[in-house]
Amino acid sequence: MTGNPYFDDTHRLLAESVRRFVEKEVLPHGEAWEAQGAVPREVLRKMGSLGFLGLRHPEAYGGAGLDALATAVLAEELGRSTFGGFAVTVLVHTDMASPHLRHAGSPAQLERWMPAIVKGECITAVAVTEADAGSDVKAIRTRATRTAGGWRLDGTKMFITNGVLADLYFVAAKSDPAGGARGVSMFAVRKGARGFSVGRQLDKMGWRCSDTAELVFDGCEAELLGEEGRGFYAIMRNFQNERIALGAMALGEAAKGLELTLAYVKERRAFGAPLWEKQAVRQRLARLAAEIEAGRRLVHHAAWLDSRGADCVKEVSMVKAYCGELVNRAMYECLQFHGGAGFIRETAIERMYRDARVQSIGGGATEVMLEEVAKRL
Ligand SMILES: Cc1cc2nc3c(=O)[nH]c(=O)nc-3n(C[C@H](O)[C@H](O)[C@H](O)COP(=O)(O)OP(=O)(O)OC[C@H]3O[C@@H](n4cnc5c(N)ncnc54)[C@H](O)[C@@H]3O)c2cc1C
């Protein structure tokens with residue numbers, strides 16, 4: 001955080017308080033959550049009571065009204081927890097799902113849900129992806145049809161984070177199947193709504209304490225969120241924040257992985273000296289340190305541009321592409337220098353290696369991000 005021109009005392013204090021929370025409330029329990037496949041609700045409520053879940057939401061609903069730099073701070077610190085599943089559980093709620101309500105909710109919807117979202121009493125999920133439509137959002141097939149009292153949804157969503165845990169889902173569906181991008185609308189669906197069910201919880205390679213589920217909508221009661229036909233644009237807008245969060249989270253993971261590895265190689269001896277004495281080892285870690293620093297500057301710059309309302313699709317896409325790949329390279333190097341110990345389930349680096357893999361896929365695959373960059377070169 002030192003010498004960071006983008007941060008003021010608010011950001012520094014936020015980073016410190018999230019870091020303290022992680023040390024006290026996450027590190028002692030993370031392994032148990034991994035085994036359970038979920039983060040307990042009490043933890044999220046505690047985060048809510050400390051103000052961590054409403055950083056971006058309006059003060060009128062209990063939030064702090066901060067900008068994207070606060071997202072970057074929160075996400076980097078959660079990434080540093082070494083439990084990617086915990087980090088993504090929180091960030092989907094704060095920065096990927098609930099912003100849909102902040103941006104498009106009616107006053108009545110905001111009043112009804114936002115205070116509980118900020119307190120961590122109502123957990124949110126965002127459901128865009130389907131089995132046959134991931135990167136290509138326009139190809140979704142979940143159908144929205146008008147009814148006398150509102151809307152009904154029919155279709156299935158895939159890979160939805162917080163799919164089991166959530167109380168409120170923001171769901172993309174085709175309100176006009178022939179309308180292309182203009183045929184997509186966003187809907188709010190409450191847990192327990194008629195016609196809604198969680199299909200199955202998916203077993204994953206990493207992010208083990210984050211639940212990922214298939215959702216089924218079978219004549220499901222839903223409320224329109226925002227304007228009909230504007231859903232695709234709402235998703236693209238929210239992707240910006242999502243990608244800053246995911247990039248910053250990946251960066252926090254890479255930075256923490258490097259720290260753990262530096263400590264390890266300075267202790268671990270081979271051939272009569274600590275591994276750190278080997279030039280090949282320390283140069284690879286020094287290069288990684290440089291790449292992490294470059295990534296951090298890119299994340300903060302993109303968040304700062306976003307906070308000023310600038311068009312920063314190119315920079316945010318760079319963040320997602322660069323950090324998603326960087327965390328994978330970082331974990332490869334870090335695990336390598338942990339030797340056999342890094343391959344054993346008891347080490348944080350083994351978990352972090354598995355958690356990293358999805359970072360170049362979820363929320364915009366690297367190749368898709370690079371296309372966004374290329375269009376703007
Ligand atoms: C653990 C997890 C959690 C998730 N959480 C959510 C969630 O909460 N909500 C939600 O809606 N979705 C969620 N997703 C879905 C995620 O965003 C998608 O998996 C992602 O967008 C990629 O879509 P896909 O898996 O269908 O891959 P595809 O679109 O089939 O792409 C497969 C691969 O092809 C390549 N590719 C794709 N397009 C191009 C291109 N134009 N040029 C070159 N190469 C390309 C990429 O390498 C990509 O990884 C989650 C996924 C996972 C694994």
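## Close-up views of the ligand, pockets and cavities

**View 1. Polar contacts hold our attention here: an oxygen atom of the ligand lies 2.6 Å from an N or O atom in the side chain of S135.** The model is predicted. A nitrogen atom of the ligand pairs with T129, where an N or O atom of the side chain is 2.7 Å away. V128 takes part through its backbone: one of its polar backbone atoms is 2.9 Å from an oxygen atom of the ligand. On its own the ligand would expose 960 Å², and the protein buries 64% of that area.

**View 2. Here is the shell around the ligand, made up of 18 residues.** Among these residues, T129, S135, F159, T161 and E367 come nearest to the ligand. Two of those names, T129 and S135, will be familiar from the contacts made through their side chains. Which elements give two or more residues to the shell? They are β1, spanning 124-127, together with β3 and α11. The top contributor is β3, with 3 residues. Sorted by class, the shell holds 10 nonpolar, 6 polar and 2 charged residues.

**View 3. Step back a little and the largest pocket comes into frame, with about 1,200 Å³ of space.** Its lining counts 45 residues, and T129, I361, G362, G363 and G364 are the closest to the pocket centre. Several elements each supply two or more lining residues: α5 (84-104), β3 (151-161), α7 (231-267), α10 (348-356) and α11 (366-375). This pocket is also where the ligand sits. T129 therefore deserves a second look in this view: T129 is among the residues closest to the pocket centre, and within 4 Å of the ligand by the rule for nearness.

**View 4. The same largest pocket, now seen through the make-up of its lining: 21 nonpolar, 12 polar and 12 charged residues.** Which element gives the most to this lining? The answer is α7, with 9 residues. For the shell around the ligand, the leading element is instead β3.

**View 5. Next comes the second largest pocket, which offers about 210 Å³ of space.** Its lining consists of R56, R102, H103, R237, Q240, N241, D306, G309, A310, D311, C312 and V313. Both α5 and α7 give two or more residues to this lining. The largest share, 3 residues, comes from α7, the element that also gives the most to the lining of the largest pocket. By class, the residues here divide into 3 nonpolar, 4 polar and 5 charged.

**View 6. Now for the enclosed spaces: how many cavities of 30 Å³ or more does the model contain?** The count is 2. The largest cavity has a volume of about 40 Å³. Lining this cavity are F52, L53, G54, L55, R56, H57, L74, T94 and D95. They comprise 4 nonpolar, 3 polar and 2 charged residues. If R56 looks familiar, that is a good catch: R56 lines the largest cavity and is also in the lining of the second largest pocket.

**View 7. We finish at the second largest cavity, with a volume of about 30 Å³.** The residues around this space are A38, V39, T89, N162, L165, C209, S210 and D211. By class, the lining has 4 nonpolar, 3 polar and 1 charged residues. The charged residue in this list is D211.

Terms used
Residues numbered from 1 in each chain as written. Predicted model: local features only at pLDDT ≥ 70, side-chain atom pairs only at ≥ 80, totals over all residues. Heavy atoms only, no water. 1 Å grid on protein atoms, 1.4 Å probe; cavity = no way out; pocket = protein on both sides within 12 Å on 5 of 7 lines; lining within 4 Å. Points joined across faces, edges and corners; volume = space filled by probe spheres on them. Helix = DSSP H or I, 4+ residues; strand = E, 2+ residues; numbered from the N terminus. Polar contact = N/O pair within 3.5 Å; in protein donor to acceptor, adjacent residues only side chain to side chain. Areas by Shrake-Rupley, 256 points an atom, 1.4 Å probe, with all protein chains shown as cover. Sits in = over half its atoms within 2 Å of the grid points.
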